[in-house]
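Me: I'd like a close look at the salt bridges in this one. Please take me through them pair by pair, with what sits where and how covered each partner is.

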Amino acid sequence: MLNFCCRFVSVGLICWLTAASIVAAQAVEDAEMAGYLLVPNERVDPAYNGGFSMYVSAWPLLHQYPGNRFQTGLFGTWMHAQYETPRSKEEELYSDIEGGLGWWRDTRFATTTPKFIMGGVARSFSAWANGPGAGKGRDWSRPQGKYGVAQLTPWLLWPPDGLNLKQGTSGELFGYGYLPLPLTEPKNESAGQPVPTGNQSWTLFLNTQNFKGPVAFFTPFFWVRPSLEDPDVAGLFLDTRPSDPNRALQMETQYVPSVQAVDSTGTRFARIAPTRFPIDADGNSLVVHKVTSYKKSALWDNVAAWFAGGQAASSEIDANQAAIHEFPGRGGATWRIYANGVQREDRVPLAWSSFATPFAPTSDTFGYQWDKSLVSIDKESSLATLPEFYRLAERENGKPLWEVVRPEDVPPETKLTDYQFQKPKADASDPYVTPEEADSDWKKPGPVAGPFYAYPGDGSKVTY
């Protein structure tokens, strides 16, 4: 290249321009967007401490799956144990059920369509249970939650990678919730130690187009196991405690791809990967519906009477023992765009309220109305794409803010309008395999039929 520059000025000029464009392209920095969308909902009487249910919209948040760094939930909640008095942070009692729809970094067979996990967290994240056979890590010699869920229904296939939704799901409501049932007996000792185990089996119920009813439950010992090393905290987890009905309702986003660049004046611009929300015929996004809390007697009493020799109980939940959380129509966002390595306190928020307005069309439904001059509405796909381009500006209080700009207002020298978010080349995914040792519980007694095969639509093959 240098020889060409010496001999031919015109070719040298072309080479110089090419080099400049390469430098500009290299100036594009990798970044990300993360944070929470907050959904205020009214409190209910603390007596409704026997679980919850709700309907949430399921949709492909991103235009294309960006690789296993992508981790975000759709709208969901955190169900913690209820205490008569607040517990101190020093007790380190964090434990809850916080699963839902979304994408996670340990998902092996991810698609743009979300999956559902149960998301039970044992004390201080010492273990978690995402479904039957799905726990923390892949080492069966250290289960850490793999045996934390027992399946009830034979009519639903639940791979360890998460419950699959029909590919192409986009805006339909997914109904789910948890209620405690007396499916096991309480114990005074656990694993040979004088640590009690309660008999609350928190059971997942689904309400979908092709399945409705109880699915699986967290085994009470899942919550108790960490207490074997610290008996003083026995009885403080969900095997025994009721649930706190006044839960946070949010959408937690840990990573959406983004890039940044600075123009010749020193102004910084950012672009986020195409991020979408489902829309109705009016162009609004309705994302959460009918958040309900229950008293324990809503189902427990009938099941307990059945197990005691009475009439068989149905899975119908007593609506008279339910309270609906109303939406005031407010909401907030803590989404921030920042380059890799930027400290939390230096991450700059984006101007969410400039294009999104939270609203409650009815008291039991929450959603967003969009500024259609900034948000792209595609009625054919029933999806709205949020603004992709932002400029770092300063608010009246002197604090920075990413404000929305149109593509034509982004200087070409930044190369952001030409940037393509690439779908990474997928590595071969290692299969989930249950223990194969001849003396394991999986081989003794072992199956009496099969193998059978299923193809849940995410590219994987399930053998059972």
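Reply: You'll need one yardstick throughout: a residue is buried under 20% relative accessible area, exposed over 50% and partly exposed in between, using a 1.4 Å probe and protein chains only. Bear in mind that this is a predicted model, where local features need pLDDT of at least 70 and side-chain atom pairs count only at pLDDT 80 or more, while totals for chains, interfaces and linings use all residues. Residues are numbered from 1 along each chain as its sequence is written, and side-chain values use heavy atoms, leaving out hydrogens and water.

Quick backdrop first. The protein chain carries four helices and 31 strands, both taken as DSSP runs numbered from the N terminus (helices are H or I with at least four residues, strands are E with at least two). Its C-alpha trace spans about 95 × 55 × 45 Å along the principal axes, and 47% of the 464 residues are buried.

Now to your salt bridges. What counts as one? A side-chain nitrogen of Lys or Arg has to be within 4 Å of a carboxyl oxygen of Asp or Glu. Searching the whole structure turns up eight of them, and here are some of the pairs.

Start with Arg-268 and Glu-29, whose closest N and O atoms are 2.7 Å apart. Arg-268 sits in strand 17 (residues 268-272) and Glu-29 in strand 1 (residues 29-38), so this bridge ties together parts that are 239 residues apart in sequence. How covered are the two ends? Glu-29 is partly exposed, with a relative accessible area of 29%, and Arg-268 is partly exposed as well, at 24%.

Strand 1 turns up again in the next pair. Arg-69 bridges to Glu-32, with 2.8 Å between the closest N and O atoms. Here Glu-32 is the partner in strand 1, while Arg-69 belongs to the loop between strand 2 (52-58) and strand 3 (71-77); the two are 37 residues apart, and the pair links distant parts of the chain. Their cover goes two ways: at 36% relative accessible area Arg-69 is partly exposed, whereas Glu-32, at 9%, is buried.

Then there's Asp-458 with Lys-115, a salt bridge at 2.5 Å, N to O. Lys-115 comes from strand 7 (residues 115-117) and Asp-458 from the loop between strand 30 and strand 31, so parts 343 residues apart in sequence are tied together. Are these ends buried or exposed? Asp-458 counts as buried at 9% relative accessibility, and Lys-115 counts as buried too, at 3%. This pair also has company: salt bridges that share partners join Lys-115, Asp-458 and Asp-161 into one network.

For contrast, here are a couple of nonpolar side chains to click on. Phe-452 lies in the loop between strand 29 (400-404) and strand 30 (453-454), and at 42% relative accessible area Phe-452 is partly exposed. Leu-173, in strand 13 (residues 172-181), is partly exposed at 44%. If you want a feel for distances across the fold, Leu-173 and Ala-304 are 131 residues apart in sequence and 31 Å apart in space, C-alpha to C-alpha.
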